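Please open the model in your viewer and keep the sequence panel beside it. The tour below moves from one selection to the next and says what to look for at each stop.

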Amino acid sequence: MPAFLITNNWYDFRDLGNLSGKLLDLLDDALPFGVVYVIAALLGFVASFVIFVLPSQLFVGVYGERKLIGRIQSRYGPNRVGPFGLLQPIADAIKLMQKEALTPTSADRALMYLAPIVFVAPCVLLFAVIPFGPNMVFADIPVAIVYFLAVSSIPVLTTFMAGWSHNNKYSLFGAMRVVAMTISYELPLVLGMLGVVLFTATLGLQSTVLWQKEMDIWLVFLQPLAFAIFFLGASAELNRTPTDIAEAESEIVAGYLTEYSGMKWGLFYGMDIGYAIAAAAFGVTVFLGGWTFFGLEKWVPPWLIFIGKTYLFYFLFIWTRGTLPRLRIDQLMTFAWKFMLPIALLNLVIVATERMFWVEEKADDSIVYAFALINIIAAAAAIYGWSRALGYRPENTPQKARLVSEAGGFVPVDAHGEGSK
Amino acid sequence: MSGIIKSEPFTLNIGPQHPSTHGVFRIKVKVDGERIVDAEMVMGYLHRAMEKLAEERTYTQNIPFTDRTDYLASMSNNLGYVLAVEKLAGIGVPDRGNAIRVIMAELQRIASHCMAVGAFTNDTGAWQTPVMWCFRERERVLDLFEMTSGARLTCNYMRIGGVAFDLPREFEPATRKLLADLPGFIDEIEGLLVGNEIFLARTRGVGMLSAETATNFSLSGPMLRGSGIAWDIRKADPYCGYEKYDFQIPIGYQGDAFDRFIVRLEEMRQSVKIVQQALDALPGGPHSTHVPLALRPPAGEAYARVEGPRGELGYYVVSDEGPSPYRFHIRPPSFINLSALKEMTVGGTVADAIVVLGSIDIVVGEIDR
Amino acid sequence: MDGFGVTFAFWVLTGVTLVAALGVLLSRNLLHAVLFLILTFVGMAGYFVLLSADFLGMAQVLIYVGAIAVLVLFAVLLTPRAGRDNGETRMFLPALLLCGTLLAVILFVITDTNWAVSEEPATVSAAGLGEALLSRWVLPFELASVLLTVALVGSIMLVRSREEEAEDPR
Amino acid sequence: MTPGLEHFLTVGAILFCLGLTIALSKRNAIGVLMGIEIMLNAVNLTLLSFARFGVGHGPVAGQAFVVFIITVAAAEAAVALALAVSVYRNRDTIDVDKLNLLRS
Amino acid sequence: MTRQWTGPEVAAVAERLVPGAVDRSTPAACYLKAEKLVETMAALHAAGETDFVHLTNLCGVDFWDHFEVVYHVQSFVNNAIACIKVDVLDRDRPAVPSVCSVWRGAWMQECETYDLFGIRFEGHPNLHRILLWDGYPGWPLRKDFLSMPGGLQPGLDEFSGTKRREPPPVSVAE
C-alpha cells in the first residue's frame, strides 16, 4: 500500500477514527484513570449524533423521505419552509412540541407516557455496534449480530404498551397485529442471518465487513436469499408500507398511534425513521460490504461510503413505501410461515453444504465466486419453484375486463376466460 | 390471526370519522379477532332532505340540488334530472346539446372513476401514490369543466332543453390533448396495480358477489358488471344519442373487488372512445331549446335514468301542473349498492371490509341526500 | 472483576432487577406485572453480560423478551374474561414465610461456604460454547431440539378450538 | 464494593425466593407462570456466576446448562400458556383457586 | 331500446299469473292489490315472459288522501322495464307488505320510504329509520309536514312564478 494513501496519522481525516483514536490516547495520558471512558462515550455520542443521526433522521428521514415520496406521487413535497423546504423537519418539530398532549380518560397513563420514552432507547443502542469505518465502531462486541437482533425485538413491546394503554379498540388491534407479526418474522430473520454467519464464521459486525473486504465479494451476492429475507423481514418489523399493518391508516386509523399527539407522537415518528436507518445500516454492514467499496475506501473516507450506502438502502424502504399496497394480516403471516421460513431453511442447507465443502476440501478462497453464482441461481429457482408449489399462477389472473357489445343478462365465463358473446 | 386465534366478539365502530369511509358514514361491525361476524350500516349524517326541498322550488331551481347529491359526478346527476323533466314535459333537445351532454357525462365518468380507482387503491394501502396520480388526471378533466361551466365540482351545467352554455373555443383542443394523454395514464395505473401481487392478493376473491345475488340486491353499474352481467343503460336504453357511438360494455369474471376495479379502468377507456367520437361528430346549431323559466309540465310522472359512474342514476318526477315537482325522487346508485355491504363483509376481516367499501365507491352525499 | 464500571453496573442492575421482580409480585395489574417481568429479564441479561457470557445475554433478550414475554402478553390478551388483576390467593402469607425461611437458609449457605474461586476469570467465547454444544453436549442438545418440537406440536394441539378440529380434513 | 461470587449468588437467591413466592401465591395461572420464569432465570444467574468464577466444571459446562435451561423454559412457557388458554376456553377462568376439576 | 311495459300489459300478465291481483291500471302503471302484492311480485319475478329480476326503484308518493308506493322493475334478458304501484289508503297507519322476500334490494329502499313517509312495510326484516334518527318528529316527505321542528317553513315562496301550495285539506300533524 503506498504510504500516502492511508497513513494512520491523526491528521489524515479521511478517516475520523484515526483522529478520535489519537485524541483519546492523548487524553488517556493526561487525565486520571477512567475519565477517558466518559469522554469517549460523550464524544462518540455527540459525534455520531451530529454527523449521522441528526442529518439522517431530520434531513434524510423526514425531509428526504417526504420529498421523494412527493416526487413519486407527482407533487412537490415540502417546499415552503426555508430554502427548498429544508427547514421543514424543524418546523414540524416545533409544531409538534406546541401541540396539546391528549390523554384519553380511561387510558393507562403510566404506560402511555412511558411507551414513547422506552421506544427511544433501543434505537440509540442499535447504533452502538454499527461500524462506520475501519476503527469507528463504538462497541465492537463479538456477538454484534445477535445483539442487533435482540435489541431490535424490544420496540415491539413498546409498541404493544402504546397500543394497549390507550384503551382504544383500534390501538389494541394495532398492538395485537404488531405482536403477532413480529413473533412470526423474527424466525426467518434469524434463520437468514444464520446463513451469513455460517459463511463468515463470526458474529461480529466489524469482522463481517473485514471478511467481505478480504474475500472481495459482498455477501448480497453470496447470500441473495438471506438478503431478500432480511429486507422483507426488516420492512415487516419496521412497519414500512407493504407490511405496515400495525398502523394501517386506511383500516385501523393509525393503530397504536391513534391516541398519541404532540411530541409523544413525534418521538414515535422520529424513532421509526431511526429504526429504519439502523436497519439500513445493519443491512449495508452485513450484506453490502459496510464501509468497503472494492478498494475505493483507500481514496474516500470509509464513513462517507458507509453513509452513502446506508441512505441508498434507506431509499429502498422509501421506494417500496411509495409504490406498494398493504398486505392483509393473515396473508402476511402466511407469507412468513409458508414462504420465508422454508426458504430460509433451504438457504441454511445450501450454505451448510457449501461451507462444509469449502472446509473439508480445503478449497481456495476464490471458490466463493462459484458459490455466489450457485447461490444466485439457487435463489431464483427456489423463489420461483416454491411460489409455484404454493399455488402462484400469474397466468390465470385476468388482466383486463371482458368486453361485450350488447346489453343483456349474465355472461358466463367460459373455459378460456372469455365472454361467450 | 383471523381464525387461528379466537377471542371475544366485540363491536368496532368504523366511522363516522374514519379515513376510509369516504365521508361521514359508519359501519358498526362485530368482530371476533379480526373476522367480522356482523355488520350494520349507520347513515344519515349528511341528510339534507333534498327530496323535500325540491318540492318547493321550480324545476330549473332544482338543478343545483342534483349537483350536490353525488358531488363527484355532478354532470351525470344534472343529466338524469333534466332528462326526467324533459320526458315529463315532452321537450326536445337539439343535436348539439345532446352531443355536448354526452361529452360532459363521459368526461364526468372519467373524473369520477379516477377518484374511485384512486380511493380504492388507497384503501388497499397503496400509500397515496395511485390516488395522487388519479387526482392529477382528474384535475385536467375538472379544468375542462371549469372552462365550460365556470365551476369545477358542482357544475350546474345541464339545463332543461339543452345545456347552459355553448362550448368555448379552446375546449376542443384542450379536450383532444387530454384524450391523447388519458390512455397512457390508464395503462400506467394498470401497470402499477393490475400485475401487482400484493394488490391482487388484497382484492381477488374479496367481496364476492354472484350474478344472482348482485341482481337480487338491485345493484347497478360497475358492481353489477363486475359480477358478469352485461347491463349498461347507455346500451340498453340509449339516451342523448348514445346509440350513435361505438363502445363496449366491460364486464368482470367472478364479481370480486378486483373485477370491479378492472371494469372501472376499462370503462374509462371506453369513455375516452366515446368522447373522441362525439368530438369528431360534434354537430353545429343551437345548444339548447328555449324553455320557460317557470316550467309547468302537464300532470303525470316520469322515470328517467342514466348510466352514472356509480350505476343506474334514476330520477322519478311527479308533476301536478304546478311550477315545482309534486314529488321528486332520486334513485341513488351508491345507496342501493351499499345494501350488499353486509353480504360482502361478513366472514371477511376488517381490512377486507375496507377494501369492499372502497370497491363499492360510495359517495355519502348521494347516500344521505 | 474489578473496576468502577463493573461495580456500578452490578449495583444498578441489582436495583433494577430486584425492584422489577418485586413489581411482578406486588403489581395489581396483570399487564403491568408482565412488563415488570420483561424488565427483570432485561436486568438478567445485563448480569449475563457482566458475567462475560455475551452470547447468552443476547440470547436472553432475544428469547425471553422477544418471544416468551410476547407469548405471555398473548396469553393475557386471549383470556379477557379471566380478569386482568394480579391478586394473591390466601396462601400468600404462608408462601412468604416459606420463601423467607428458604432465603435465610440459602443466604447462610452462601456466606458459610468457602467457594473455591479461581483467580483467573473463566470465560468462553460464543464459538467455544458452540463447539462444546456440538461435541460434548451433543446428546442433550439434540434432546432439547426434540423437546422444542414436541412443545410446538403440543401447544398447537392444545389451543386448537373445536371448530378448527372439525374443519380439519385429517 | 467490588462484586464477587457471593454477591451474584445472593441476588440469585433473592430472585429465586421472590419467584417462588409469586408462583405459590398468585391467583392467575399466568402469574404463576411468571413466577416460574423468574425462578428459572435466578437459576441461570447462579449457574453463570459459578461458571464465571471458575467453581465446578468450568465455564463451558455452566454456559451449556444455561442454554438448555433457556430452551426448556421456552418450551415450558409455550406449553403452559397453551394450557392456560385451553383451560380458559373450557372453564372460562384461569383462576387457580377455582380450577378444581379433579376434586369434583 | 328498453321496452316500456304499459300498465294494461303488466295487468294482463299479472292477472293471468295470480288471478285477482290487479286493482286497476293506467297507461303508465299497473296498480296491484296490497294483499296479493308479494305473491304477484314473486310470480312476475319468476315468469319467463316478464322476468323482472331487478327492482330498480322503490319510492312512495303522498297524494293527500292516500299514498302510493311505486316499484320500477326491470328485466335484463328481455330488456324491459315496468312500473307497478300499490295504493295505501289508510293514512293513519299506512302499511304495505314488504317485497324483501322477492328482491333483497328492497331492504334499504323500504327503510328509506318508511323513514320519510311512515309507510310500514310488513314482513320487513329490520324496518328502522335509516336516514333520520329514532324519535324524529313526523314523516318529512308527507305533504302535511310543513313546519320543521323549530316552527320554520321550508321553501322560497317569494320567488316569482311560484306560490306555496294551498293549505292541505287535512289537519296538519305536528
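**A sheet in chain B**

In this predicted model, begin with chain B and select β1, β2 and β3, which form an open sheet of 3 strands in the order β1-β2-β3, with antiparallel pairing. The edges of this sheet are β1 (9–14) and β3 (35–42) of chain B, each of which pairs on one side only. If you look along the sheet, neighbouring strands are turned against each other by 20° on average, direction ignored.

Next, select residues 26–32 of chain B, which make up β2, and follow the 7 bridges that join this strand to β3(B) in an antiparallel arrangement. Within that pairing, show the side chains of B:Val29 and of B:Ala39 in β3(B), since these two residues stand opposite each other.

Now add residues 350–360 of chain B to the selection: this is helix α14, which lies across β1, β2 and β3 of chain B and runs at about 150° to β2(B).

**Where chain A meets chain B**

Colour chains A and B separately and turn to the contact between them, to which chain A gives 43 residues and chain B gives 48 residues. On the side of chain A that touches chain B, at least two residues come from each of α7 (169–200), α12 (302–323), α13 (329–360) and β1 (402–404) of chain A. The most is given by α13(A), with 4 residues. Coloured by class, this side of chain A shows 18 nonpolar, 14 polar and 11 charged residues.

Then zoom in on β1(A) and on strand β6 of chain B, residues 249–251, which run antiparallel and are joined by 3 bridges. Select A:Val404 here, and its bridge partner in β6(B) will be found at B:Ile249.

**Chain C and its contact with chain D**

Hide chains A and B and display chain C, which has 7 helices and 0 strands. Of its 170 residues, 38% count as buried. Among the contacts in chain C with a separation of 6 or more, 58% are between residues 24 or more positions apart.

Finally, bring chain D into view, and select the contact that takes 77 residues from chain C and 66 residues from chain D. On the chain C side, α1 (4–26), α2 (30–50), α3 (54–78), α4 (92–112), α5 (126–135) and α6 (138–159) each supply at least two residues. By class, the side of chain C that touches chain D has 57 nonpolar, 16 polar and 4 charged residues.

Terms used: Residues are numbered from 1 along each chain as its sequence is written. Chains are lettered from A and ligands numbered from 1 in the order in which they are written. This is a predicted model: local features need pLDDT of at least 70, side-chain atom pairs count only at pLDDT 80 or more; totals for chains, interfaces and linings use all residues. A residue is buried if 20 or more other C-beta atoms lie within 10 Å of its own, exposed if 12 or fewer, and partly exposed in between; C-beta atoms are placed from the backbone. Two residues are in contact if their C-beta atoms, placed from the backbone, lie within 7 Å. Ala, Val, Leu, Ile, Met, Phe, Trp, Tyr, Cys and Pro count as nonpolar, Asp, Glu, Lys and Arg as charged, and the others, Gly among them, as polar. Two strands pair if DSSP finds at least two bridges between them. Axes are lines fitted to C-alpha atoms, for helices over the stretch in contact, and angles run from 0 to 180 degrees between N-to-C directions.
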